[in-house]
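User: I am new to reading structures and would like to know how the labels are justified. Please show me the sequence and the model.

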Amino acid sequence: DAMANAGGDDELIRPNALRRISEEKEMEKLQELSKRNQKAEEERTELHRTFEMREVDPAEARRVVSALVRSAAEDGKHQALVLQFPSEWCTDGGRAINSFEPHWPETLTGFAKRGYEYYEKELRPAGYKVRAQIVNYPGGIPGDVGIFLIW
């Protein structure tokens, strides 16, 4: 008879077995989340490394900046976002930029620092101004820095 069949499909699953199933499923979810987080962290580390190493190509910079400012001007704007990056990539975590301190350019690193040097050499003499600000605040803390050209 079916009740005597201890290993059959019609056996009632015991609560401790259900708990074990839930725990195993939860562990699978946590392992998958951990893998995704690790992959995201690896990608972010690689992005930061690239940012630190990237050089400013003057010809490319002229082309990109010209396209950005032309597009913004056609939209009736007097500024354009030319670079955005995490504030933690600044030497002070973005504090000087967030506080609008005049020495904020000194806190830039990598590509942003070289971009600012390009601005000083090529864009300021052409009449552009530059402004940096924190553009988002995830969880109430400074997120990304936006570097804007103003005309």
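User: Which residues form the covered face of strand β2 and which the uncovered one?

Analyst: In β2, residues 129-134, the covered face holds Val-130, Ala-132 and Ile-134, while Lys-129, Arg-131 and Gln-133 make up the uncovered face. Strands here are DSSP runs of E with at least two residues, helices are runs of H or I with at least four residues, and both are numbered from the N terminus. Keep in mind that this is a predicted model, in which local features need pLDDT of at least 70, side-chain atom pairs count only at pLDDT 80 or more, and totals for chains, interfaces and linings use all residues. Residues are numbered from 1 along each chain as its sequence is written, and side-chain values use heavy atoms, with hydrogens and water left out.

User: What makes β2 and β3 a pair, and in which sense do they run?

Analyst: Two strands pair if DSSP finds at least two bridges between them. Six bridges join β2 to β3 (residues 144-150), so the condition is met, and the two run antiparallel. Among the bridge partners, Gln-133 has Gly-146 in β3, and Val-130 has Leu-149 in β3.

User: How do you know that β1 also pairs with β3?

Analyst: By the same rule. Strand β1, residues 79-86, shares seven bridges with β3 in the antiparallel sense. Phe-85 is one of the residues involved, standing opposite Val-145 in β3.

User: Why is β3 called mostly covered?

Analyst: Five of its seven residues are buried. Buried means under 20% relative accessible area, exposed means over 50%, and partly exposed lies in between, with a 1.4 Å probe and protein chains only. For the protein of 151 residues, buried residues make up 26%.

User: Why is Phe-100 called exposed?

Analyst: Its relative accessible area is 62%, and since the cut-off is over 50%, Phe-100 is exposed. Phe-100 sits in the loop between α3 (95-98) and α4 (110-123). Its phi is positive, about 55 degrees, although Phe-100 is not a glycine.

User: What makes Val-135 partly exposed rather than buried?

Analyst: The relative accessibility of Val-135 is 31%, which is not under 20% and not over 50%, so Val-135 counts as partly exposed. Val-135 is placed in the loop between β2 and β3.

User: Which residues does Val-135 touch, not counting residues up to four places away in sequence?

Analyst: Val-135 touches Gln-84, Asp-144, Val-145, Gly-146 and Phe-148. Contact means heavy atoms within 4.5 Å. The C-alpha atoms of Val-135 and Gly-146 are separated by 5.8 Å, and the two residues are 11 apart along the chain.

User: Why is Arg-124 called partly exposed, and where is Arg-124 found?

Analyst: Arg-124 has a relative accessible area of 44%, and because this falls between 20% and 50%, the label is partly exposed. Arg-124 is in the loop between α4 and β2. Leaving aside neighbours within four places in sequence, Arg-124 is in contact with Tyr-116 and Tyr-119. From His-48, 76 residues away along the chain, the C-alpha separation is 27 Å.

User: What makes Glu-122 and Pro-58 partly exposed?

Analyst: Glu-122, in helix α4, has a relative accessible area of 33%, so Glu-122 falls in the middle class. Pro-58 lies in helix α2 (residues 58-74). Its relative accessible area is 42%, so Pro-58 is partly exposed too. The C-alpha atoms of Pro-58 and Tyr-116 are separated by 12 Å, with their positions 58 residues apart along the chain.

User: How many helices and strands does the protein have, and in what pattern?

Analyst: There are four helices and three strands, following the pattern α-α-β-α-α-β-β along the sequence.

User: How does the radius of gyration of the protein stand against that of a compact globule?

Analyst: The radius of gyration is taken over C-alpha atoms, and the globule rule is 2.2 Å times the number of residues to the power 0.38. For 151 residues a compact globule would have a value near 15 Å, but the protein has 27 Å. Taken along the principal axes, the C-alpha atoms fill a box of roughly 95 × 35 × 30 Å.
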